[in-house]
Amino acid sequence: MKYKAINFKDKFSKFTEHWSPRVIAEMNNYQFKLAKVEGEFVWHDHPDTDEVFIVIEGTLNIEFRDGVVTLNAGEMFVIPKGVEHKPVATSECKIMLVEPKGWLIQVSRVVS
């Protein structure tokens, strides 16, 4: 077996698109995804799963109907399933998502 660390900087250098998560690893039934985000995403919720945002670089605001949480590099936040939210980044922000395998697979790509 080949043992090699996954380097976030290297993986981020392989794509430029915003709001287009890339799968970098899998563990059990979960995928680790990296994404570059900028601007606003849409209001949405996830009725069947919690969602976690881990900020690697930059600042991400997650808006809720009754407030907002601001995440800076090195911080994370877990959104409980069913809670409506809208991620917003005023400048490019690099994040990691941890999601059940197959979740949003239509917009997730594998980065080797």
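Let me begin with one salt bridge, in which the side chains of Lys101 and Glu26 meet at 3.1 Å, N to O. This pair links distant parts of the chain, since Lys101 sits in the loop between β7 and β8 (109–110) while Glu26 belongs to strand β1 (residues 22–27), and the two are 75 residues apart. Lys101 has a relative accessibility of 48% and counts as partly exposed, and Glu26, at 45%, is likewise classed as partly exposed. I should say at this point that what we are looking at is a predicted model.

How many salt bridges does the model hold? The count comes to 7, and I will take a few of them in turn.

The side chains of Glu99 and Lys33 form a salt bridge at 2.8 Å, N to O. Because Glu99 lies in strand β7 and Lys33 in strand β2, this pair ties together parts of the chain that are 66 residues apart in sequence. Are these two partners buried or exposed? Glu99 has 3% relative accessibility and counts as buried, and Lys33, with 0%, is buried as well, where the cut-off for that word is under 20% relative accessible area. There is also a network to point out, in which salt bridges that share partners join Glu40, Glu63 and Lys86.

A further pair is Glu17 with Arg22, whose side chains meet in a salt bridge at 2.7 Å, N to O. Here Glu17 is partly exposed, with a relative accessibility of 38%, whereas Arg22, at 8%, counts as buried.

Let me now turn from the charged pairs to the nonpolar cores. The largest nonpolar core has 14 residues, and the members that touch the most others are Val37, Phe53, Leu60, Ile62, Cys93 and Ile95. Which strands each supply at least two residues of this core? They are β2 (30–40), β3 (51–57), β4 (59–64), β5 (67–72) and β7 (85–100), and of these β7 gives the most, with 4 residues.

Ile62, which is one of those members touching the most others, deserves a look of its own. If we leave aside its neighbours within four places in sequence, Ile62 is in contact with Phe53, Gly67, Val68, Val69, Leu71, Ile79, His85, Lys86 and Pro87. Lys86, then, appears both in this list of contacts and in the network with Glu40 and Glu63 that I described earlier.

Finally, there is a second, separate core of 5 residues, and among them are Phe15, Ile24, Leu34 and Met96.

Conventions
Residues numbered from 1 in each chain as written. Predicted model: local features only at pLDDT ≥ 70, side-chain atom pairs only at ≥ 80, totals over all residues. Heavy atoms only, no water. Core = buried A, V, L, I, M, F, W, Y, C linked by side-chain atoms within 4.5 Å. Buried < 20%, exposed > 50% of the residue type's maximum accessible area, 1.4 Å probe, protein only. Contact = heavy atoms within 4.5 Å. Salt bridge = Lys/Arg side-chain N within 4 Å of Asp/Glu carboxyl O.
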